[in-house]
Structures are given as structure tokens and as C-alpha cells.
Amino acid sequence: MPVSPAYTPEPRFFDLGDEYADAVGPADFPTTILRYRNDRAAASVGLEGLDEAEWIAAFGRFQPLPGQPGPTAMRYHGHQFRHYNPDLGDGRGFLAGQLRETTPLALKQTSAARETLALKEGRLLDLGTKGSGTTPWSRGGDGRLTLKGGMREVLAATMLESLGVPTSRALSLIETGEALQRGDEPSPTRSAVLVRLQHSHVRFGTFQRAAYFQRADMIEALVEHVRTLYHPHVAAGDAPGLLAAVVEASARLTARWIAAGFVHGVLNTDNLNVTGESFDYGPWRFLPAYEPGFTAAYFDQTGLYAFARQPEAVFWNLTQLAGCLKLVADVEPLTEALNGFGPAYIRHLRAAFLMRLGVRSLGEAADQRLVDTTLALLRERGEGLRWEPLFFDWFTGFSSSARALGGPRATLYQGETFDAFRFALFEHEPDRPERLEHPMFAESQPEEMLIEEVEALWGPIATDDDWSTFEARLARLERARQAWDFGA
């Protein structure tokens, strides 16, 4: 299989040994039909040269890429809705390989973006699967993924990336020709295998498994592994320092979710990783309108993972990670690191709202006033305004005043709450207002991804095997990513 000369595989997770994962084989699927291929993501790890047959061999049949040892199902435990489950692990997926990011990102003009570029170059990225067959951790499941579930994950990751949220990227979706029985979809339903490109699949639950067995040696190995590969600024053996880095990354992720109006739905400890990059999109939703108690999962009957409770959920999960690290570190510095979450989250939330509104910081007090007035306006205008249109209409602040006040939501932009929002917004200078020259901002509506739209995209696929609407939406989301130009 030809591979770009820049491609340098480094199977680092596999070096930890067989106590952390199990060698497995992929399912032998009846057929393999390529439905989605992310060429931009592929180019970032030197795989842009694969033709379709090679792509399917790698991501439908899982023939190991050069230098890779073959699939391995990762072992972990986890709290699921705060109930501990020691019977977890990769039950319908595996780690298919690890590659170094080789393609430099486009250099931006701001110092903050240049810093992001420097941090992202050369990252170690995982090829993780979903729906690739049974493993020792399948717990009686079939190890498969529905085609609709795969389509939904592609949409979630693509939308989140366009909005500047740290996220896994869907690399490949291949239909596999099996009829699956599911309780939450009309059955039988079509099957697929997904491959995501992600900055680490080491979960909080990976540490929990080692702590469950009271294996301080495994915790120490994980600390060193994660520190070296993902948080190299942390000193060797510094478990509290590593926790502080994970806390910071998790706070940033959570703030970006909130600014995007996103609800993950299943914030269990096995669904949060050590790099602060979200992944595994099951019952996700974007807010139809500002509603703190909005939930994504029909089975979240208590609202544990509701929109506004996501910071609480992430912090609770971080406390479980801190508890694991007590095997190798003192409680006091771990507690200090853990207590950094609240201040970090508020700091990142202000930054995330400034990013979404396209304005520059004016200082802590003014920035917080802008966050507060934005939320107040979203709350007051509710379903009439929704969530995403406000950020679309007022992007770059006063530069968009004529556009917003002359647009389809002009009648919503009046009254005391709006006046307070506009004052707070106009205090801030626009950040790169030239972005408004992108044709997307000449349109009347932003790109949204509400559940009704997802169902509408699935309809033509289910009835006529027509993928054109889905592909057109992905093209528009890529256009939006370029227009917003948030970076990552």
C-alpha cells in the first residue's frame, strides 16, 4: 500500500503492553461501500494518496497500515450515569493505528492562532473505530454500528469542528451490508463501520481500571505515557501536574460545548479523554433554543447531563480521575489541581463567547458582561431567535449591525435586554472583521444541526439510497468552517 513519504507511524499506545489492551481481529463484512471519506483529515496524517481500494482495505477490512501492529481493543472501566461499571472496554471498536500529524496547518495572522499552530504540529493521532466487530469487551453485543449512527457521528464531528470545538474528526464511513436489529431505530437497519481520527483514546476510565485493581505501577505507567505524548510540559512523575493539564483541557472543551449550544448526552468517565477532545457521538443534540435543562438522551430522565449541567458533569468525572491518582500522589496537590477547574472554565467560557461573536477581549469584567447579556438575550427571545442565529447575525460586533438589524430577525433585536447586549458587544473591537466578506455571511440563515434536520438528511438515504443531500450539507459545513475561521 503506497503511503506518503511524510508518513511516520509510531504505535505508542501499544508499547504499554497487553495489560492495557487486547489484540483483536475485525469483523468480516459481507460488503464494503465507501460512503464518506475525509480527505482533508487524511492529508493531515499522510494518507491522502490512498486510492479507493486501498482506503477500503485499510478502513473497511482493517489490513494494518505499514508499521502498525494491528487492531487492539483498549481496556477501561467507567462510571455510567455515576454508577461504576468494571465490565467495560472497547466493545465495538478498537485502536487501528497511531500516526503523527504531518501537514502544517494554515498559518493565521493572530498571535493566538500561531500559538495554536505550534501546539498542534506533530501531534500523535489515533485511528479509532466504531462498529468494527466483537471484542472480549462486547458484553453480548454484536459489535456493530448502524449506518444512521455513523452518519450522525460524521455530522456531529463536522459541525463541532466548524464551530471551533476540540473534537475527533470522522475520517471514514463504510457501509458493511449487514441487517441490524436495534430498539431505537426501525429494524432491520443498515450497518456501517466508522473510523475517527482523534488526539488520544486514553480515557479517564483507563486510569479507573488500573485503580480498581490497585495497580499503582499501571497508574505510574499511564501518567508517564500521557505526560510524554500529550502534555510534555509536565515534569516526569508529576501526577498532580498532569491532572492540572487535563483539568485545563477539559475546562476548555466544556466551555466550547456551551458556546456552541451543544449537548454531548453521555458524559460518562469512559467518554472523556486526557487531551480534552470530545468523541463518541451517540445521542447528541444542538440546542433548538436556550434551555438550561435540555437533554440529548431520551434515557437521561433526571437531566444529569443536561446542557447547563455539563460543567458539573465534567468536574465530577475529573474528581474520579483525581481519585485514581491518589495511588501515586498526595491528596493536597491533587485537590489543588482539581480546584482549578472552576476558574479555568469561566476563563475559557469568556474566551469561547468572544470567539463565537468575533470580538477581542476588553478585560475580565467587560468580557463577562458580554457573556451574561448574550445569555440573557438568548433566554428572553427563546425559540423565536434560537441559539445559532444570534452568533451569526452579530459576528464581529458592530461590523454586523446593519446586517443584523436589516435581516429576518430584526424585530427580535429591540428592548432593554437587547440594548444591554448591544452595548456590551459594541464595547469590544471586532476581531478580523474581514471574515464578513465570506459569502456565507450574505445569507439570511446560519448552518444549524437540529434533530429535525438530521432526520431530514437520513430520509433520502433510507428510502432511495440518495446521499446527495447529506453530501451537500457536509459541503456547506466545510464552507462554514472556512467562513468562521476559528481554528481549533
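**Salt bridges, a pocket and unusual backbone sites**

Aspartate 465 has a relative accessible area of 38% and is therefore partly exposed. The model under discussion is a predicted one. The side chain of aspartate 465 meets that of arginine 35 in a salt bridge, with an N to O distance of 3.3 Å. Because aspartate 465 lies in the loop between α15 and α16 (468-484) and arginine 35 in strand β2 (residues 33-37), this pair ties together parts that are 430 residues apart in sequence. Arginine 35 counts as buried, at 17% relative accessibility.

In total, the structure holds 43 salt bridges. Another of them pairs arginine 360 with aspartate 431, at 3.8 Å from N to O. Arginine 360 is in the loop between α10 (341-357) and α11 (364-385), and aspartate 431 is in the loop between α14 (416-427) and α15, so the contact links parts that are 71 residues apart in sequence. Arginine 360 is partly exposed at 42% relative accessibility, whereas aspartate 431 is buried at 17%.

Helices α15 and α16 are themselves joined by a salt bridge between glutamate 453 and arginine 473, which ties together parts that are 20 residues apart in sequence. The closest N and O atoms of this pair are 3.5 Å apart. Glutamate 453 is partly exposed, with a relative accessible area of 24%, and arginine 473 is buried at 8%. Salt bridges that share partners also join Arg360, Glu429, Asp431, Arg432, Arg435 and Asp485 into one network.

The second largest pocket encloses about 1,400 Å³ of space. Its lining comprises 50 residues, and those nearest the pocket centre are Arg92, Lys130, Asp280, Gly282 and Pro283. Two or more lining residues come from each of β7 (124-130), β8 (145-146), α4 (147-162) and α15 (451-464). By class, the lining divides into 16 nonpolar, 17 polar and 17 charged residues.

Attention now turns to the backbone. Serine 187 and proline 188 are joined by a cis peptide bond, with omega about 0 degrees; proline 188 lies in the loop between β9 (169-180) and β10 (189-198). Phenylalanine 62 has a positive phi near 60 degrees although it is not glycine. Phenylalanine 62 sits in the loop between α2 (52-59) and β3 (72-74) and is buried, at 5% relative accessible area. Threonine 396 likewise has a positive phi, near 70 degrees. Threonine 396 belongs to the loop between α12 (388-393) and α13 (401-405) and is buried, at 0% relative accessible area.

On the surface, Tyr84, Tyr212 and Phe213 make a nonpolar patch of about 310 Å². Tyrosine 212 is part of helix α5 (residues 204-212) and counts as partly exposed, at 44% relative accessibility.

Notes. Residues are numbered from 1 along each chain as its sequence is written. This is a predicted model: local features need pLDDT of at least 70, side-chain atom pairs count only at pLDDT 80 or more; totals for chains, interfaces and linings use all residues. Side-chain values use heavy atoms; hydrogens and water are left out. Patches are made of residues with over 30% relative accessible area and no salt bridge: like charges are joined within 9 Å, nonpolar side chains (Val, Leu, Ile, Met, Phe, Trp, Tyr) within 5 Å. Accessible areas come from the Shrake-Rupley method with a 1.4 Å probe; for residues, only the protein chains shown count as cover. A salt bridge is a side-chain nitrogen of Lys or Arg within 4 Å of a carboxyl oxygen of Asp or Glu. Helices (H or I, at least four residues) and strands (E, at least two) are DSSP runs, numbered from the N terminus. Buried means under 20% relative accessible area, exposed over 50%, partly exposed in between (1.4 Å probe, protein chains only). On a 1 Å grid over the protein atoms alone, a cavity is a set of points where a 1.4 Å probe fits but cannot get out, and a pocket is an open set with protein on both sides within 12 Å along at least five of seven lines; lining residues have an atom within 4 Å of a point. Grid points are joined across faces, edges and corners, and a volume is the space filled by probe spheres set on the points. Ala, Val, Leu, Ile, Met, Phe, Trp, Tyr, Cys and Pro count as nonpolar, Asp, Glu, Lys and Arg as charged, and the others, Gly among them, as polar.
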